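Here is a set of exercises to work through with the structure open beside you. Try each task yourself before you read its solution.

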Amino acid sequence: MCRWAAYIGEPIFLERIVSAPKQSLMRQSLHALESKTETNGDGFGLAWYGDRDVPGVYRDVLPAWADPNLQSLAHQVQSGCFLAHVRASTGTATSRTNCHPFSVGRWSFMHNGQVGGYGGMRRKVDMLIDEELYPHRAGTTDSEAMFLLALGAGLETDPKGALEASIGHMESLSRHTGETPHMRMTIAVSDGQTLYAARYASDERAPSLYVGSAAEGRGKAVVSEPLETEGSDWEEVEAGCFVTVTRDRIDVKEFHPNI
């Protein structure tokens with residue numbers, strides 16, 4: 001399982017989420033507190049929004065704690081919306097193309113979780129991706145496939161509905177040709193203006209997810225686990241929920257994949 005954090009609000013240096021907090025994402029790459037695996041060292045990635053319509057993306061296969069370039073980048077770059085991810089592979093190769101976040105146009109996406117039996121149904125999953133989107137299929141992960149399926153299902157106009165359709169396709173295939181657990185996941189996706197996230201599982205073991213204020217109230221964050229354990233207002237997102245986060249508000253709705 002992976003760990004991730006997403007922020008939206010006033011522009012801040014990325015290190016305020018990535019490396020500075022007591023339980024920063026970089027710290028979670030080495031010692032996660034609420035993850036199935038304590039160490040998440042199979043690569044990392046950042047997607048951040050600035051003055052352009054598309055995000056900047058930096059990904060690599062080194063463990064986050066071992067890359068001085070990541071620390072330097074997080075120390076210098078400011079953004080009002082960014083996604084950050086540290087990876088623990090659930091079976092696919094450790095490669096730059098398999099590191100999160102993934103991006104197409106103005107959209108960026110990251111995922112934590114697993115699809116039961118994905119290795120045996122990967123070809124069937126790929127066949128569900130729209131032909132015009134398939135050139136963006138650079139890696140081999142279930143995560144990238146979820147993203148491309150959501151784009152094909154109308155992510156631009158209905159993020160919640162598109163993600164319910166995408167996750168539903170993957171879970172349905174797992175139920176027919178895969179294995180248990182069919183689906184355990186948290187996801188985050190953004191167009192740079194709004195941050196969307198969801199927590200869901202086909203059983204009772206959905207990966208952890210929290211939402212709260214970040215950077216001393218300058219913005220809001222959705223995270224795999226709290227960045228600070230004291231003096232913070234983190235609230236757990238219940239399983240089966242979809243969260244919409246802007247600079248002004250947090251909205252929570254039920255999340256029901258179309259199975």
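A residue counts as buried when its relative accessible area is under 20%, and as exposed when that area is over 50%. Keep in mind that this is a predicted model.

**Exercise 1. The chain as a whole**

Task: Find out what share of the 259 residues of the chain counts as buried, and decide why the chain can be called as compact as a globular protein of that length.

Solution:
- Start with the inventory: the chain contains 6 helices and 13 strands.
- Next, compare two values. The radius of gyration is 17 Å, close to the 18 Å that the globule rule gives for 259 residues, so the chain is as compact as a globular protein of that length.
- For the outline, take the box along the principal axes: the C-alpha atoms fill roughly 45 × 35 × 35 Å.
- Now the burial: 59% of the 259 residues count as buried.
- The accessible surface comes to about 11100 Å², and carbon and sulfur atoms account for 45% of that.
- Finally, look at contacts between residues at least 6 apart in sequence: 67% of them join residues at least 24 apart.

**Exercise 2. The sheet of 7 strands**

Task: Work out the strand order of the open sheet of 7 strands, and explain why one side of β3 and one side of β11 are left without a neighbour in the sheet.

Solution:
- Read across the sheet: the order is β3-β2-β4-β1-β10-β9-β11, and the pairing is antiparallel.
- Go to the edges. β3 (56-60) and β11 (235-236) each have a single partner strand, so each has one side without a neighbour in the sheet.
- Zoom in on one pair: β2 (residues 44-48) and β3 run antiparallel and are joined by 5 bridges. Within this pair, Trp48 is found opposite Gly56 of β3.
- Add the helix: α3 (residues 68-76) lies across β1 (3-13), β2, β3 and β4 (78-86), and runs at about 20 degrees to β2.

**Exercise 3. The sheet of 6 strands**

Task: Which strands are the edge strands of the open sheet of 6 strands?

Solution:
- Write down the order first: β5-β6-β7-β8-β12-β13, with antiparallel pairing.
- The edge strands are β5 (102-104) and β13 (250-254), each of which pairs on one side only.
- On average, neighbouring strands of this sheet are turned by 15 degrees against each other, direction ignored.
- Follow one pair: 8 bridges join β6 (residues 107-115) to β7 (residues 183-190), and the two run antiparallel.
- Helix α5 (residues 142-152) lies across β5, β6 and β7, at about 130 degrees to β6.

**Exercise 4. A strand under cover**

Task: How many of the residues of β12 are buried, and which of them lie on each face?

Solution:
- Recall a rule: in a regular strand the side chains alternate between the two faces of the sheet.
- Count: in β12 (residues 241-245), 5 of 5 residues are buried.
- Sort them by face: Cys241, Val243 and Val245 are on one side, Phe242 and Thr244 on the other, and all are buried.
- Check the neighbours. β8 (residues 195-201) is joined to β12 by 5 antiparallel bridges, with Val243 as the bridge partner of Ala197.
- β13 is likewise joined to β12 by 5 bridges, running antiparallel; there, Phe242 stands opposite Lys253. A hairpin of 4 residues connects β12 to β13.

**Exercise 5. A helix with two sides**

Task: Which residues of helix α4 are buried, and why do they share a side?

Solution:
- List the buried residues of α4 (residues 118-128): Tyr118, Met121, Val125 and Asp126.
- They cover an arc of only 165 degrees around the axis, which puts them on the same side of α4.
- Turn to the opposite face: it carries the exposed residues Gly120, Arg123 and Met127.
- Identify the cover: the buried residues of α4 are covered by elements including β6, α5 and α6 (159-177).

**Exercise 6. One residue up close**

Task: Is Arg184 buried or exposed?

Solution:
- Locate the residue: Arg184 is in strand β7, and is the bridge partner of Gln114.
- Apply the cut-off: buried means under 20%. Arg184 has a relative accessible area of 9%, so this residue is buried.
- Look at the surroundings: the residues touched by Arg184 include Met1, His111, Tyr200 and Asp203.

Key: Residues are numbered from 1 along each chain as its sequence is written. This is a predicted model: local features need pLDDT of at least 70, side-chain atom pairs count only at pLDDT 80 or more; totals for chains, interfaces and linings use all residues. Side-chain values use heavy atoms; hydrogens and water are left out. Two strands pair if DSSP finds at least two bridges between them. Axes are lines fitted to C-alpha atoms, for helices over the stretch in contact, and angles run from 0 to 180 degrees between N-to-C directions. Contact means heavy atoms within 4.5 Å. Buried means under 20% relative accessible area, exposed over 50%, partly exposed in between (1.4 Å probe, protein chains only). The arc is that of the directions from the helix axis to the C-beta atoms. The radius of gyration is taken over C-alpha atoms; the globule rule is 2.2 Å times the number of residues to the power 0.38. Accessible areas come from the Shrake-Rupley method with a 1.4 Å probe; for residues, only the protein chains shown count as cover. Lists of a residue's contacts leave out its neighbours within four places in sequence.
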